[in-house]
Amino acid sequence: MNEFRDNGNSGHNGNQNKNNRKEGPMNKVLRFSFPFIGPEQRNTCKTCNGPHHSIRCPLPSWEFRRMAKDKNLCELCLNEGHSVQQCNSTFRCGYCRDRHHMGGCKEKEYYRDVNNYPASAGPIVGQELEETFFRGPSQYHH
Ligand SMILES: [Zn+2]
Ligand SMILES: [Zn+2]
Ligand SMILES: [Zn+2]
């Protein structure tokens, strides 16, 4: 994958500034980034130790970053013992494609608002469990 950085404009002020350089979020992971309603069987959050994958951590991004820092976790892969500069992970944030974990991304709150969720990303995984959990218009009324 190409090194991609967009240091210019990372604001989200409506659609008036559509910048083609920006690839936008990775739809494939975006679908899985919303918190599930119930606990997850096999996942434990590396940051808060809750029963969920770190990508779905319900903590606000700033608190996620603070907690990971307090625990000395790499801000990219959330393992202990090295910094992001030393990290071998090729992972990139699914929201902004920068080198940090999605749980602490400043764009997390933006994309967790279903009003900002790109329709092209497909149905949100987990949303069907409890439609009212997610704000915004629901597509799931039967
Ligand atoms: Zn968590
Ligand atoms: Zn790392
Ligand atoms: Zn990010």
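A residue is called buried here if 20 or more other C-beta atoms lie within 10 Å of its own, exposed if 12 or fewer do, and partly exposed in between, with C-beta atoms placed from the backbone. Helices (H or I, at least four residues) are DSSP runs numbered from the N terminus. The model you are looking at is predicted: local features need pLDDT of at least 70, side-chain atom pairs count only at pLDDT 80 or more, and totals for chains, interfaces and linings use all residues. Residues are numbered from 1 along each chain as its sequence is written, while chains are lettered from A and ligands numbered from 1 in the order in which they are written.

Let us start with helix α2, which spans residues 61-70. Its residues Ser61, Phe64, Arg65 and Ala68 are buried. Looking down the axis of α2, the buried residues fall within an arc of 100° (taken from the directions from the helix axis to the C-beta atoms), so they line one face of the helix. Part of their cover comes from α3 (108-112). On the face turned away from the buried side sit the exposed residues Trp62 and Asp70.

Asp70 deserves a second look. Asp70 is exposed because 9 other C-beta atoms lie within 10 Å. Its C-alpha atom is separated by 9.5 Å from that of Thr47, although the two residues are 23 apart along the chain.

Now to the interior. A nonpolar core is a set of buried Ala, Val, Leu, Ile, Met, Phe, Trp, Tyr and Cys residues joined through C-beta atoms within 7 Å. The largest such core has 9 residues, among them Phe64 and Ala68 from the list of buried α2 residues, together with others including Cys45, Cys57 and Leu76. A second, separate core has 8 residues, including Cys96, Cys105, Tyr111 and Tyr117. In soluble globular proteins, nonpolar side chains tend to be buried together.

Leu76 has contacts (C-beta atoms, placed from the backbone, within 7 Å) beyond its neighbours within four places in sequence, including Val84, Phe91 and His101.

Finally, a look at the backbone. Most residues other than glycine have a negative phi. The residues below have a positive one.

| Residue | Phi | Place |
|---|---|---|
| Asn49 | near 65° | loop between α1 (27-30) and α2 |
| Asn72 | about 65° | just after α2 |
| Arg97 | near 65° | loop between α2 and α3 |

Asn49 counts as exposed, since it has 10 C-beta neighbours inside 10 Å. Arg97 is partly exposed, with 19 other C-beta atoms within 10 Å.

Note on methods
Helix = DSSP H or I, 4+ residues; strand = E, 2+ residues; numbered from the N terminus. Contact = placed C-beta atoms within 7 Å.
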